[in-house]
Amino acid sequence: MKIIKRVIGIILIVLGIGFTGFFFLGFLMELDEVIHWGVDATEMAVLLIAILLPAIGGGIVYWGIGILKIETEEKKANKQNQEKTVQAVLEVPETTYKKPAMDQRFTMLVEDVFEVPTAGIVLRGVLINGVIGVHSGVWLLRKNKIEQFLLIEQIEAFSERGVNKTTCAQGDGRIGNLIKEMPESAFSKGDIVTNIKPNITDINSSIENPRLKGLIAGRGHTKLSNVEELIENEIADKTKFLVLITEEQKSAKGSGPEDNETERTLSFPFLTTSSGEKFQPLFTDWVELGKWGIGNPAELKTMVMDICEAKELFESNDALTGIVVNPFTDNYFLM
């Protein structure tokens, strides 16, 4: 309907311009005759008609512009309504969120978005780990740190046999999540659906990078061609990593008893491959760090770094070959 209105408006404008131009030329010709030969009643009537017809053409042009203006205003109003809907969803109902158990954590990289008329928007992608159920609350993580809390209304599992509705789905498999009361423009390919609440700002709480985790974990399963670019952009956009540190204390004796001091030396454990290459590990969250298995997670000491700080750490140690993110699951090499 919008396209039809737009076409009608354009046609009216073109016809009106042509109509106005043709009869305006006739008006000029008639005016020239009046100037040269004088005017009588007949010539006056023709001259008035010659003036009226271009005016009608101008009215047709104005009519066409009015149709296009209405269509533009409707489009603007729809966009504003969509933005209001998105803004309403951004008010996250914290009470509905429950922190998932370690074995229930999941991410899903959205590789397709499409609308089902009268039903809602379907987000399709590959579920990595965990279990997702109908009516469960999930986080939708978009680029530029946009976070939305949504409810899954329906789940479809994709397989070689076809598409089947289900009450829950378990990773790793391709699924579709139905979201209601949200415009299609609120979603995009490369979004991450997860039950992990993100936290990269409060370093006093557990650092969580579910968007980066989802992009890296889904890169080997997705059909998206720009997933590596999405990962690079996410890492460059001030993503925070956990880096394990160890601390050694040594007593330094001075010339007198009061001069005794304790020196603290920080070191950053690295990983060595079977071929002897050494890599500095970075972790997106405490769950990934805990998979190293080098001690009680409650007793481990860490630092929080962005990619620039991690690169400085790498460059300060000539023995290192590169940097690896989540080496015990995703094994994503940065350099």
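## Exercises on a predicted model

The lining of the largest cavity comprises eight nonpolar residues, one polar residue and no charged ones. The model behind these exercises is predicted.

**Exercise 1. Describe the largest cavity: its volume, its lining and the elements that supply the lining.**

Step 1. Start with the count. The search of the whole structure finds one cavity of 30 Å³ or more. The volume of the largest cavity is about 30 Å³.

Step 2. List the lining. Leu 123, Val 138, Trp 139, Leu 140, Leu 150, Ile 152, Asn 177, Ile 179 and Val 193 line the largest cavity.

Step 3. Sort by class. Asn counts as polar, because Asn is not on the nonpolar or the charged list. The lining has one polar residue and eight nonpolar ones.

Step 4. Assign elements. β4 (137-141) and β9 (173-179) each give two or more residues to this lining. The most come from β4, with three residues.

**Exercise 2. Set out the volume and lining of the largest pocket, by class.**

Step 1. The largest pocket has a volume of about 230 Å³.

Step 2. Its lining holds 14 residues. Nearest the centre of the pocket lie Lys 145, Glu 147, Pro 198, Asn 199 and Ile 200.

Step 3. Split the lining by class. Six residues are charged, five are nonpolar and three are polar.

**Exercise 3. Classify the aromatic pair of Phe 279 and Phe 333, then place both residues in the chain.**

Step 1. Four aromatic pairs turn up in a search of the whole structure. In the pair of Phe 279 and Phe 333, the centres are 5.1 Å apart and the planes stand at 65°.

Step 2. Apply the cut-off. Planes over 60 degrees apart count as edge-to-face. The pair of Phe 279 and Phe 333 is edge-to-face.

Step 3. Locate the partners. Phe 279 is in strand β14 (residues 278-282) and Phe 333 in strand β17 (residues 332-333). The two are 54 residues apart, and the pair links distant parts of the chain.

Step 4. Check burial. Phe 279 has a relative accessible area of 9%, so Phe 279 is buried. Phe 333, at 44% relative accessibility, is partly exposed.

**Exercise 4. Find the strand order of the open sheet and its edges.**

Step 1. Four strands form an open sheet in the order β13-β14-β16-β17, with mixed pairing.

Step 2. β13 (271-272) and β17 are the edge strands. Each has a single partner strand, so one side of each lacks a neighbour in the sheet.

Step 3. Look at one pairing. Strand β16 (residues 322-325) and β17 run antiparallel and are joined by two bridges. Val 325 has Tyr 332 in β17 as its bridge partner.

**Exercise 5. Classify the pair of Phe 283 and Trp 292, and name the cluster that contains both residues.**

Step 1. The ring centres of Phe 283 and Trp 292 are 5.9 Å apart, with 35° between the planes. This pair is tilted.

Step 2. Phe 283 is buried at 0% relative accessibility. Trp 292 is also buried, at 14% relative accessible area.

Step 3. One aromatic cluster takes in Phe 283, Trp 292 and Phe 328.

**Exercise 6. Describe how β6 and β7 are joined, then give the ring contact of Arg 124.**

Step 1. Strands β6 (residues 154-159) and β7 (residues 162-166) run antiparallel, joined by five bridges. With two residues between them, β6 and β7 form a hairpin.

Step 2. Opposite Glu 156 stands Lys 165 in β7.

Step 3. Turn to Arg 124. Its charged end sits over the ring of Phe 158, 5.2 Å from the ring centre.

Notes
Residues are numbered from 1 along each chain as its sequence is written. This is a predicted model: local features need pLDDT of at least 70, side-chain atom pairs count only at pLDDT 80 or more; totals for chains, interfaces and linings use all residues. Side-chain values use heavy atoms; hydrogens and water are left out. Rings of Phe, Tyr and Trp (its six-membered ring) pair if their centres lie within 6.5 Å; planes under 30 degrees apart count as stacked, over 60 as edge-to-face and the rest as tilted. Buried means under 20% relative accessible area, exposed over 50%, partly exposed in between (1.4 Å probe, protein chains only). A charge sits over a ring if NZ of Lys or CZ of Arg is within 6 Å of the ring centre and within 35 degrees of the ring normal. On a 1 Å grid over the protein atoms alone, a cavity is a set of points where a 1.4 Å probe fits but cannot get out, and a pocket is an open set with protein on both sides within 12 Å along at least five of seven lines; lining residues have an atom within 4 Å of a point. Grid points are joined across faces, edges and corners, and a volume is the space filled by probe spheres set on the points. Two strands pair if DSSP finds at least two bridges between them.
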